[in-house]
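Biologist: I am new to this structure and would like a close look at a single part of it, taken slowly and with its surroundings described. Please have a look at the model first, and then I will say where I would like to begin.

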Amino acid sequence: MASGQTTGKPTACLALADGTIFYGKGFGATGTTTAELCFNTAMTGYQEIMTDPSYAGQVVTFTFPHIGNVGVNSEDEETADPVAAGMIVKWDPTEPSNWRAQDELGPWLEKHGRIGMGGIDTRRLTRAIRQQGAPHVAIAHDPEGKFDIEALVKQARDFPGLVGLDLAKDVTCAQSYKWDEMRWSWPDGFPKREGKGFKVVAVDFGAKRNILRCLASAGCDVTVLPAAATAEEVLAHNPDGVFLSNGPGDPAATGEYAVPMIKGVLEKDLPVFGICLGHQMLALALGAKTIKMNHGHHGANHPVKDLDTGKVEITSMNHGFTVDTQTLPAGVKETHVSLFDGSNCGIAVEGKPIFSVQYHPEASPGPMDSYYLFERFAAAMAERAGTPA
């Protein structure tokens with residue numbers, strides 16, 4: 001049995017497609033699910049991570065051992081329900097100790113049909129992910145401790161993987177809506193934006209709420225459209241700028257319908273700002289290509305260098321695909337790079353207010369070094385309109 005806090009009969013089992021088996025203690029929902037396995041190194045924000053739509057199709061291994069100790073609350077959810085398929089932690093979640101807690105992690109996961117597994121040697125599991133690449137897995141929780149190992153391994157091997165998979169359609173909004181909530185502040189929570197603002201259409205490929213809040217806080221009057229929106233539908237709102245959100249899955253798959261929309265928007269020379277999946281699909285629309293990473297970047301401590309200024313930002317990341325810098329066309333420059341592995345973290349169209357970043361500047365969870373990007377987007381719209389930002 002893997003090391004951890006679990007004693008007695010295991011009630012959860014993790015089966016990797018290569019046949020490796022981990023046993024532990026289950027919490028949350030019972031049953032079985034299959035997914036890609038990744039790890040996240042963030043020390044805070046497990047609820048934000050579990051509700052980040054970019055984690056669709058993935059089970060998250062948390063390298064920080066104390067998960068669940070501040071409970072859960074409705075203000076920290078990035079979407080209405082958890083999106084990640086499950087979670088794996090070292091220590092079994094304890095009773096929360098935090099004044100903001102409204103519920104415990106285990107019951108919250110159970111209510112939303114998500115499996116949790118504790119008592120795992122997460123260091124060993126993380127090494128396996130780094131060395132072998134993000135594996136396909138089956139995770140099972142049975143209070144009786146009865147597991148069909150052969151069947152679980154087969155389920156893991158049968159999981160199709162994320163390459164070629166369009167998951168944005170599963171997590172996008174069903175219809176358009178307005179957004180006016182700004183970033184959380186003490187003691188009032190989320191204030192509402194008032195007055196006239198820059199009209200921004202945010203295309204929702206799996207948008208986190210805090211990204212929309214950052215846009216509102218930067219002075220944007222935000223209208224959110226579903227992922228399958230056409231260029232005509234976007235431009236019908238007469239926007240001052242267009243935002244391309246984060247999201248899950250293979251950007252090339254989602255790009256089948258999103259790239260034509262983005263190309264149509266680019267023809268209007270509007271300010272365009274993309275994050276994560278939005279960054280990757282902007283690159284595709286400009287003529288570049290994306291590739292699957294070995295194990296991706298998932299954490300809140302990733303150093304990124306701004307190539308224009310030389311400044312290093314500590315950023316929050318969550319992605320398994322990346323833009324292939326070697327395929328960037330003339331007129332599109334690389335603006336940011338990861339100091340961990342040199343992978344692309346930002347692009348911009350030379351001479352135009354069109355830019356995007358791979359990381360998450362909304363800092364939920366994570367550092368706030370990169371909030372200036374929202375202000376840069378607002379400044380670009382102000383310059384285009386000939387008004388002060």
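Biologist: Is Phe374 buried or exposed, going by its relative accessibility? Please start from there and work outwards in one connected account.

Modeller: Before anything else, please keep in mind that this is a predicted model. In it, Phe374 has a relative accessibility of 0%, and because buried means under 20%, this residue counts as buried.

The ring of Phe374 has a partner in Phe273, and since the two ring centres are 5.5 Å apart while the planes stand at 80°, the pair is edge-to-face. This pair connects distant parts of the chain, for Phe273 belongs to strand β12 (residues 272-275) and Phe374 to helix α10 (residues 372-385), with their positions 101 residues apart in sequence. Phe273 is buried as well, its relative accessible area being 0%.

Phe273 also pairs with Phe377, and here the ring centres are 5.6 Å apart with the planes at 50°, so this pair is described as tilted. Because Phe273 sits in strand β12 and Phe377 in helix α10, the pair ties together parts of the chain that are 104 residues apart. Phe273 and Phe377 are both buried. Taken with their neighbours, these rings form a cluster, in which ring pairs link Phe243, Phe273, Phe355, Tyr371, Phe374 and Phe377. The count of aromatic pairs comes to 6.

From strand β12 the chain can be followed onwards to Cys276, which is found in the loop between β12 and α9. Cys276 has a phi near 60°, a positive value in a residue other than glycine. As a background to this, most residues other than glycine have a negative phi. Cys276 counts as buried, because its relative accessibility is 2%.

After that loop comes helix α9 (residues 277-286), a helix that is mostly covered, with 9 of its 10 residues buried. The buried residues are Leu277, Gly278, His279, Gln280, Met281, Leu282, Ala283, Leu284 and Ala285. Just after α9, Gly287 takes a positive phi, of about 115°.

Helix α9 also meets helix α8 (residues 251-266), and the axes of the two come within 8 Å and cross at roughly 65°. That angle makes α8 roughly perpendicular to α9, and their crossing is right-handed. On the side of α8 the contact is made by Pro251, Ala252, Thr254, Gly255, Ala258, Val259, Ile262, Lys263 and Leu266, while α9 contributes Leu277, Gln280, Met281, Leu282, Leu284, Ala285 and Leu286. When the residues of this contact are divided by character, 12 are nonpolar, 3 are polar and 1 is charged.

Strand β12 and helix α10, the two elements joined by the ring pairs of Phe273, have a further neighbour in helix α6, whose buried residues pack against β8 (177-179), β9 (198-204), β10 (220-226), β11 (241-244), β12 and α10. Helix α6 (residues 209-217) has 7 of its 9 residues buried, so the rest of the structure largely encloses this helix. The residues concerned are Asn210, Ile211, Leu212, Arg213, Cys214, Leu215 and Ala216. Just after α6 there is a glycine with a positive phi, Gly219, where the value is about 95°.

Two of the elements named so far, β11 and α10, have loops before them that deserve a separate look. The loop between α7 (231-235) and β11 holds Asn238, which has a positive phi of about 50° although it is not a glycine. Asn238 is exposed, with a relative accessible area of 53%, whereas Cys276, described above, counts as buried.

The loop between β17 (354-357) and α10 holds Pro365, which is joined to Ser364 by a cis peptide bond with an omega of about 5°. Another cis peptide bond joins Trp186 and Pro187, with an omega of about 0°, and Pro187 lies in the loop between β8 and β9. As a general background, most peptide bonds are trans.

To return to the starting point, Phe374 is a buried residue whose ring meets that of Phe273 edge-to-face, and both residues belong to the cluster of linked rings.

Conventions. Residues are numbered from 1 along each chain as its sequence is written. This is a predicted model: local features need pLDDT of at least 70, side-chain atom pairs count only at pLDDT 80 or more; totals for chains, interfaces and linings use all residues. Side-chain values use heavy atoms; hydrogens and water are left out. Axes are lines fitted to C-alpha atoms, for helices over the stretch in contact, and angles run from 0 to 180 degrees between N-to-C directions. Helices (H or I, at least four residues) and strands (E, at least two) are DSSP runs, numbered from the N terminus. Angles under 35 degrees count as roughly parallel, over 145 as roughly antiparallel, 65 to 115 as roughly perpendicular and the rest as oblique. A crossing is left-handed if the near helix is turned anticlockwise from the far one by less than a right angle, and right-handed if clockwise. Contact means heavy atoms within 4.5 Å. Ala, Val, Leu, Ile, Met, Phe, Trp, Tyr, Cys and Pro count as nonpolar, Asp, Glu, Lys and Arg as charged, and the others, Gly among them, as polar. Rings of Phe, Tyr and Trp (its six-membered ring) pair if their centres lie within 6.5 Å; planes under 30 degrees apart count as stacked, over 60 as edge-to-face and the rest as tilted. Buried means under 20% relative accessible area, exposed over 50%, partly exposed in between (1.4 Å probe, protein chains only).
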